[in-house]
Amino acid sequence: MARIPVFLMGLLLCCCLAAFAEAEYMKYKDPKQHLNVRIKDLMNRMTLEEKIGQMVQIDRSVASNEVMKKYFIGSILSGGGSVPAPQASAETWINMFNDFQNGSLSTRLGIPMIYGIDAVHGHNNVYKATIFPHNVGIGATREPELVKKIGAATALEVRATGIQYVFAPCIAVCRDPRWGRCYESYSEDHKVVQAMTEIISGLQGEIPAGSPKGVPFVAGKKNVAACAKHYVGDGGTTDGINENNTVIDRHGLLSIHMPGYYNAIIRGVSTIMISYSSWNGVKMHANHELITGFLKNTLRFRGFVISDWQGIDRITSPPHANYSYSIETGIHAGIDMIMVPYNYTEFIDGLTYQVKNKIIPMSRIDDAVKRILRVKFMMGLFENPLADYSLVDELGRKEHRELAREAVRKSLVLLKNGESADKPVLPLPKKAAKILVAGSHADNLGYQCGGWTIEWQGLSGNNHTSGTTILTAIKSTVDPETEVVYEENPDFNFVKSNKFSYAIVVVGEHPYAETQGDSLNLTIPDPGPSTITNVCGAVKCVVIIISGRPVVIQPYLDSMDALVAAWLPGTEGQGVADVLFGDYGFTGKLPRTWFKTVDQLPMNVGDHHYDPLFPFGFGLTTKPTKAGKQSISGEF
């Protein structure tokens, strides 16, 4: 009988030792271990299949719990307009996210996935999110501290839906407004773009003093991993053609298009996205010298490099013509995570074949996976992989909308204000007998927000998300006794016969994104020009231009009494009325040169042929109205 307790004791001891050994064995799961120890321990356990899975990013539409588990997928994204349901709530997003994440966690090693989304002016895919002005408007504010607050607010709204990674900021230096992504650029001047990289500190949190340069940083569960894009030279293509060729010498590339990346890396940016464009004929997705040689080795960037949407496919022309070549070239160049986003099995099979046949060395795979895991560990994803509902009220929160309204106020650039400084038109009086509001953009939230809003290309109308149109803002700002008449495209006789005190005309570009926004003529779409002509020919008028870039306005300038560049202000149109009627002054400065004719393009500040309609940095200022007094000054 005495043998049984001894046997049981031995068994118990063995179990304890096994449990202890198992705990010791799983170093990567221990947050107390040094980051590099965790990475090394996990990588030593990973099979080639598991490593390649980490390098794959697929779209939400082809993802599932089972796919995540079967293929060890490292990341999911929502492309523009890729949502779990129309007008989905934060809870719906979280439930979808957690279902995918549970698939990842159920794998042998339980490596959490990271979910990315284009939150480029707020959490813009999501219903009822706060939509901030697009970057061109933010550039007009010249306020890095403001953009940092916008980053922090955006991070909270993104985390409200469970998502932990944003494809922002775009730090392109747009050198030609004919480019369809020019509104995603803060400025034609790299110094303004560099200053605005402060948004990274808002999105990710402030990097601790003394942190090693190049190491990614995300402060915690109220922050997100950021992505500086599109590396490099995306804003310098010939004639502003999207995804085209940037012809510039190395000095020009490094002095104009690269500086924003220096600042982003110093701020601890977690990821960098490669540009579709080419540099002097070499596709950036194939450029080993700039991705591995310069970004990774010279700048010592330690986060991960991600492709753009089907970016490696477009190494060949036509795209996907030789996919095995695209895989080899893109991975060799130094891209760590591939935004596939649909044909992931083809990519996985192709990359696996190339590694097994020593076309791509294992060292290149290990470099990629190490970088991806570094970001995931540093973010705390292994400790907190699942989302909860604790932040759902952050989505469209009142304080965030007030911040967006402030950003709108500070982004407005006053280009003309009466015929002389001593006879300003703005600010407008709130009390008037009858005023006219006209134009296609006065009462259209979709137009006001522009592209990358709810859908990739943006939308028209007022029923796609929550916000305040400029017309609604005007009505709520003027005196209750002031009659506001709205006529979208009135004729001259209507305006003349109604004896309006003054008119506000709001016209501009229709929403667009990427290549669909490329424009060789940069004209205001019809009936915008006729609206300006009909109204301004009959009554004192203020014209507000809603656009992602400077457009042709010289032919109409003399007929306007005042002109405001409002860019793409987003959901908080009240910010426009705040300044129009003098509750706040105009302070914005042009982030871009405003040309006279498109024949002058490209034309940027400092060029020898510089002859603008309004120069870079121009912006008239007004002071808030006090006791009916108005004040105006001009500044360069």
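Partly exposed means a relative accessible area between the buried limit, under 20%, and the exposed limit, over 50%. Keep those cut-offs in mind on this tour. The model on your screen is predicted.

**Stop 1: R38 and E383**

Select R38 and E383. Their side chains meet in a salt bridge, 2.6 Å from N to O. Now look at where each one sits. R38 is in helix α2, residues 35-45. E383 is in the loop between α15 (362-379) and α16 (398-411). The two are 345 residues apart, so this pair links distant parts of the chain.

Which partner is buried, and which is partly exposed? R38 has 5% relative accessibility, which is under 20%, so R38 counts as buried. E383 has 33%, so E383 is partly exposed.

**Stop 2: E143 and K410**

Stay with α16 and select K410, which lies in that helix. Add E143, in the loop between α6 (135-141) and α7 (144-159). The two form a salt bridge, and their closest N and O atoms are 3.2 Å apart. The pair ties together parts that are 267 residues apart in sequence. E143 is partly exposed at 29% relative accessibility. K410 is partly exposed too, with a relative accessible area of 22%.

**Stop 3: E188 and R592**

Next, select E188 and R592. This salt bridge spans 4.0 Å, N to O. E188 lies in the loop between β4 (165-166) and α8 (190-196). R592 lies in the loop between α22 (574-580) and β18 (619-622). How many residues apart in sequence are the parts this pair ties together? The answer is 404. E188 is buried, at 1% relative accessibility. R592 is buried as well, with a relative accessible area of 1%.

**Stop 4: a network**

Select K296, D336, R364, D367 and R371 together. Salt bridges that share partners join these residues into one network. Across the whole structure, a search finds 32 salt bridges.

**Stop 5: strand β7**

Leave the charged pairs and select strand β7, residues 271-274. Both of its faces are covered. T271 and M273 are on one side, I272 and I274 on the other, and all are buried.

Which strands pair with β7? Select β5, residues 227-231: it runs parallel to β7, and 4 bridges join them. Find Y231; its bridge partner in β7 is I274. Then select β10, residues 304-306, which pairs with β7 in the parallel sense over 3 bridges. Finish on I272, whose bridge partner in β10 is V305.

Definitions and conventions:
Residues numbered from 1 in each chain as written. Predicted model: local features only at pLDDT ≥ 70, side-chain atom pairs only at ≥ 80, totals over all residues. Heavy atoms only, no water. Buried < 20%, exposed > 50% of the residue type's maximum accessible area, 1.4 Å probe, protein only. Pairing = 2+ DSSP bridges.
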